[in-house]
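Got the viewer open? Keep the selection panel handy, and we'll walk through the model stop by stop.

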Amino acid sequence: MDAIEKMARDRGVTLDLAAFRELDSERRQIITSIERLKAERNKASEEIARLKRKGSSPSNATSTGETETQCWIVGERVGEAGSLRA
């Protein structure tokens with residue numbers, strides 16, 4: 001952005017990119033949040049797979065169900081955050 005401002009200045013044009021910088025900063029924060037949520041979702045998915053490979057004894061069934069629910073919730077949050085990017 002600095003280079004764009006300099007090129008505009010060199011051509012005698014004044015650009016105020018403050019609003020753009022603010023939007024870009026917000027966009028970057030959203031992307032970071034989405035990536036964190038995706039990592040959370042992937043971790044939960046791996047945990048579900050691990051528990052399923054281990055077998056579903058009665059004690060594991062509850063744990064697997066809870067983990068699947070957590071994975072679904074994280075997936076929903078990723079979807080909601082992703083729609084903010086568009």
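Before you click anything, one convention: helices (H or I, at least four residues) and strands (E, at least two) are DSSP runs, numbered from the N terminus. You're looking at a predicted model, in which local features need pLDDT of at least 70, side-chain atom pairs count only at pLDDT 80 or more, and totals for chains, interfaces and linings use all residues. Residues are numbered from 1 along each chain as its sequence is written, and side-chain values use heavy atoms, with hydrogens and water left out.

**Stop 1: the whole chain**

Colour the protein chain by secondary structure. You should find three helices and zero strands, in the order α-α-α along the sequence. Now switch on the surface: about 6,600 Å² is accessible, and carbon and sulfur atoms own 54% of that. Those areas come from the Shrake-Rupley method with a 1.4 Å probe; for residues, only the protein chains shown count as cover.

How much of the chain is buried? Of its 86 residues, 17% are, where buried means under 20% relative accessible area, exposed over 50%, and partly exposed in between (1.4 Å probe, protein chains only). As for contacts (heavy atoms within 4.5 Å), take those with a separation of 6 or more: 49% of them join residues 24 or more positions apart.

**Stop 2: helix 2**

Select residues 18-54, which is helix 2. Put a distance between its end C-alpha atoms and you get 54 Å, which agrees with the 54 Å that its 37 residues should span at 1.5 Å a residue. That expected span is 1.5 Å times one less than the number of residues.

Next, pick out D24, I34, L37, A44, I48 and L51, which are buried in this helix. Then step just past the end of helix 2 to G55, where phi is positive, at about 110 degrees.

**Stop 3: salt bridges**

A salt bridge here is a side-chain nitrogen of Lys or Arg within 4 Å of a carboxyl oxygen of Asp or Glu. The whole structure has eight of them.

Start with R21 and E5, whose side chains meet at 2.8 Å, N to O. This pair links distant parts of the chain, R21 in helix 2 and E5 in helix 1 (residues 2-10), 16 residues apart. R21 is partly exposed, at 31% relative accessible area.

Back to D24, which pairs with R27, their closest N and O atoms being 2.8 Å apart. D24 is buried at 12%, while R27 is partly exposed at 40%. The two sit three residues apart in helix 2, so about one helical turn separates them.

Where do E35 and K38 sit relative to each other? They are three residues apart in helix 2, so again about one helical turn lies between them. Salt bridges that share partners also join D2, E5 and R21 into one network. The E35–K38 bridge itself comes out at 3.9 Å, N to O.

**Stop 4: a nonpolar patch**

Finish by selecting I4, M7, V13 and L15, which make a nonpolar surface patch of about 350 Å². Patches are made of residues with over 30% relative accessible area and no salt bridge: like charges are joined within 9 Å, nonpolar side chains (Val, Leu, Ile, Met, Phe, Trp, Tyr) within 5 Å. Zoom in on V13, in the loop between helix 1 and helix 2; at 42% relative accessibility, V13 counts as partly exposed.
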